[in-house]
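Trainee: I'm new to this structure and would like to learn how to read it. Could you walk me through a few features?
Mentor: Gladly; let's put it on the screen and take one feature at a time.

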Amino acid sequence: MKTSDLLAKKSAHTEIGLQDQELPAYFAATPGWTQDGPRIVKTYNFKNYYETLAFVNAIAYTIHEEDHHPELVVTYNRCVVKFDTHTVNNGKGGISENDFICAAKLDVIFTQTFG
């Protein structure tokens, strides 16, 4: 799995989560993302609240277009992004490829705007 593979894809409705043995390849393609139970998480750091809000606004279009909405924790100089897929594992939720597709796209936005 490569970052470019994820960037070329679009999120789609799925009820199939990733298996534990598949996760290392996806994490290798999305540096800085970690697993927190049934979700993937990353903290983006900024200089101030303005930059933090600018990032949230910048990712809004992408997460809307992907129809895959993360939990966001927004503070003065950081934004914690948590992705999971509610429809996998018989509706119990978990990690799907959609989470990593969106993670890769958010990383590009961050790098291009704040990197």
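Trainee: In which sense do S3 and S4 pair, and over how many bridges?
Mentor: Some background comes before the strands. This is a predicted model, in which local features need pLDDT of at least 70 and side-chain atom pairs count only at pLDDT 80 or more, while totals for chains, interfaces and linings use all residues. Residues are numbered from 1 along each chain as its sequence is written, and side-chain values use heavy atoms, with hydrogens and water left out. Helices (H or I, at least four residues) and strands (E, at least two) are DSSP runs, numbered from the N terminus. Two strands pair if DSSP finds at least two bridges between them. Here S3 and S4 are antiparallel, with five bridges. They make a hairpin that has two residues between the strands, and leucine 72 sits opposite valine 81 in S4.

Trainee: How many bridges join S2 to S4?
Mentor: Six, and this pair also runs antiparallel. Look for valine 41, which faces lysine 82 in S4.

Trainee: Threonine 43 is in S2; is it buried, partly exposed or exposed?
Mentor: Buried means under 20% relative accessible area, exposed over 50%, and partly exposed in between (1.4 Å probe, protein chains only). Threonine 43 has a relative accessible area of 37%, so it is partly exposed. Contact means heavy atoms within 4.5 Å. Not counting residues up to four places away in sequence, threonine 43 touches Arg78, Cys79 and Val80. Its C-alpha is 6.3 Å from that of valine 81, although the two are 38 residues apart along the chain.

Trainee: How do I read a helix such as H3, and what span does it reach?
Mentor: The expected span of a helix is 1.5 Å times one less than its number of residues. H3, residues 49–66, has 18 residues and reaches 26 Å from its first C-alpha to its last, close to the expected 26 Å. A bend at a residue is the angle between axes fitted to the seven residues ending there and the seven starting there. H3 has a kink of about 30° centred on isoleucine 59.

Trainee: Which elements do the buried residues of H3 pack against?
Mentor: They pack against strands S2, S3 and S4 and helix H4. Among these buried residues are Phe55, Val56, Ile59 and Ile63. Threonine 52 of H3 has 0% relative accessibility and therefore counts as buried. Its contacts beyond four places in sequence include Phe46, Val74 and Cys79.

Trainee: Which backbone atom does the side chain of threonine 52 reach?
Mentor: A polar contact is a pair of N or O atoms within 3.5 Å; within protein, one must be able to donate a hydrogen and the other to accept it, and residues adjacent in sequence count only if both atoms are side-chain atoms. The side chain of threonine 52 reaches the backbone oxygen of tyrosine 76 at 3.0 Å. At the N-terminal end of H3, asparagine 48 acts as a cap, with a side-chain oxygen 3.1 Å from the backbone nitrogen of tyrosine 50.

Trainee: What phi does aspartate 67 take, just after H3?
Mentor: Most residues other than glycine have a negative phi. Aspartate 67 takes a positive phi of about 50°. Asparagine 89 has a positive phi of about 55°, and asparagine 90 likewise has a positive phi of about 55°. Asparagine 89 is in the loop between S4 and H4, as is asparagine 90. Asparagine 89 is partly exposed at 39%, whereas asparagine 90 is exposed at 79%.
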